[in-house]
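Reader: I am in my first year, and I would like a close look at one part of this model. Please take me through the charged side chains around a single acidic residue, and then what else the side chains do.

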Amino acid sequence: MEVAMKSAAGTMSLEQTRECVAGAIEPLEPAPAPLADALGRVLRQEARAAEDMPAFDRSAMDGYAIRGDDLSERFRIVGEAVPGTRADFVVGAGECARIFTGAEIPAGATGVLKQEDVRVDEGWMTPNPKADADYIRRRGEDARAGDMLLGSGLRLGAAEIALLASVGIVRPLVSARCRVAHFATGDELVDPGDTPGPSRIRDSNSALVRAFAQAEGGVMSYQDRVEDDADVLTQKLGSALESGCDLALISGGASVGAYDFGRVALDRLGFRLHFEKVNLRPGRPLAFATRGRQAAFVLPGNPLSHLAVLHCVVRVAFERMAGAEPSWQVLNARLAAGVRLGGDGRDTLWPARVDMMEGEPVATALRWQSSGDITGLAGLNAFIRCAVPVLDTGARVPCILLHG
């Protein structure tokens with residue numbers, strides 16, 4: 001039985017909100033997927049080596065295969081070993097075989113001389129006196145059959161997908177893609193392709209949320225703009241939830257104004273509220289609620305507030321639904337120029353760009369006039385996190401790096 005949404009007392013810290021979201025959401029059921037559709041998804045099984053890797057001794061270089069203990073001054077070339085074909089000859093004393101990178105070492109040979117270290121003349125090979133006969137990748141030196149190569153909970157990148165292919169796992173069990181419904185609320189919103197009339201503005205939050213959801217591996221199953229009407233929002237949100245969406249995001253409607261209906265709609269639909277305020281600037285009026293395995297956020301309406309809470313809080317929901325542990329990358333950077341943060345003592349996330357300069361991270365604070373202004377945020381890839389009103393040039397500041 002679901003508990004009706006009730007107001008949560010107090011204001012939570014950023015860490016508390018992340019812990020709350022992580023604790024309230026369960027991973028979605030995994031499903032097998034072809035490798036072509038696995039990039040960015042979370043592996044939900046262990047991946048083990050099916051056989052020794054490499055499966056046979058093979059050459060690491062183009063060169064000549066010999067017996068490693070053969071002290072002959074020159075060697076007769078008795079054959080050629082190429083990748084994909086097993087040699088049908090044996091290398092004996094005083095003999096060698098032309099061999100190419102990746103080819104199986106022919107019987108009798110135990111070492112490879114690089115072609116740069118030998119001279120070849122009319123069927124004979126003469127090594128340089130100091131040439132080293134090695135350059136063999138031995139069977140099982142990378143992994144033995146049964147060794148675990150990838151653990152469950154790992155997000156798959158190109159390298160991991162290549163590794164899965166190398167062990168024959170072509171339909172790994174991976175996280176389901178989170179199905180997202182998004183509603184941008186407000187009578188003032190118009191389509192980005194339209195020219196705003198008096199007192200109207202273009203809707204940028206819909207594009208932002210869609211891009212963020214895609215970067216986090218989600219699927220935007222429903223997106224719409226909704227006027228300031230609690231009944232309309234409740235009806236549309238209810239339909240999206242009934243169609244099977246996992247995560248609902250409502251832009252605007254998180255505050256306490258007369259036209260902020262996000263929490264009203266969730267309350268009517270039987271959601272349980274976990275928090276509605278965060279000790280954060282920007283992003284204070286952020287609400288999070290659940291109904292069974294479905295989750296919903298009501299986001300503060302301003303674009304910069306969207307950026308902050310999407311990356312620092314909502315991302316946790318995507319991670320948990322995918323079966324991954326919540327994570328964020330924080331590094332200490334040197335501040336390129338001083339900045340006056342102002343504020344009221346709340347935990348502040350100041351938009352910034354972090355670059356590597358002479359081997360160290362350097363943070364440049366970007367222009368921020370208000371949470372509704374995104375004109376100075378080109379190149380944003382981090383937030384400086386601080387609660388003091390002023391930071392001096394050269395100060396070491398913690399920076400939360402953005403993902404996606």
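Author: Start with a definition. A salt bridge is a side-chain nitrogen of Lys or Arg within 4 Å of a carboxyl oxygen of Asp or Glu. Side chains of opposite charge can pair when their charged atoms come close. The model is predicted. A search of the whole structure finds 25 salt bridges.

Now look at D52. Which side chain meets D52 at 3.0 Å, N to O? The partner is R139. This salt bridge links distant parts of the chain, 87 residues apart. D52 is in the loop between β2 (47-48) and β3 (58-59). R139 is in the loop between β10 (136-137) and β11 (148-150).

D52 also forms a salt bridge with R144. Here the closest N and O atoms are 3.1 Å apart. R144 lies in the loop between β10 and β11, and D52 in the loop between β2 and β3, so this pair ties together parts that are 92 residues apart in sequence.

Is D52 buried or exposed? Buried means under 20% relative accessible area. D52 has 13%, so D52 counts as buried. R139 is partly exposed, at 47%. R144 is partly exposed too, with 43% relative accessibility.

Compare another bridge. R353 pairs with D355, and their closest N and O atoms are 3.2 Å apart. R353 has a relative accessible area of 33% and is partly exposed. D355 counts as partly exposed at 25%. Elsewhere, salt bridges that share partners join E15, D347 and R385 into one network.

Charges also meet rings. The charged end of R18 sits over the ring of W328, 3.9 Å from the ring centre. R74 lies over the face of W124, and the distance to the ring centre is 4.0 Å.

Rings meet rings as well. Pairs count if the ring centres lie within 6.5 Å. By this rule there are five aromatic pairs. Take F275 and F288. Their ring centres are 5.7 Å apart and their planes are at 35 degrees, so the pair is tilted. F275 lies in strand β18 (residues 272-275) and F288 in strand β20 (residues 287-291), so the pair ties together parts 13 residues apart in sequence. Both F275 and F288 are buried. With F297, they form one aromatic cluster.

How values were computed. Residues are numbered from 1 along each chain as its sequence is written. This is a predicted model: local features need pLDDT of at least 70, side-chain atom pairs count only at pLDDT 80 or more; totals for chains, interfaces and linings use all residues. Side-chain values use heavy atoms; hydrogens and water are left out. Rings of Phe, Tyr and Trp (its six-membered ring) pair if their centres lie within 6.5 Å; planes under 30 degrees apart count as stacked, over 60 as edge-to-face and the rest as tilted. Helices (H or I, at least four residues) and strands (E, at least two) are DSSP runs, numbered from the N terminus. Buried means under 20% relative accessible area, exposed over 50%, partly exposed in between (1.4 Å probe, protein chains only). A charge sits over a ring if NZ of Lys or CZ of Arg is within 6 Å of the ring centre and within 35 degrees of the ring normal.
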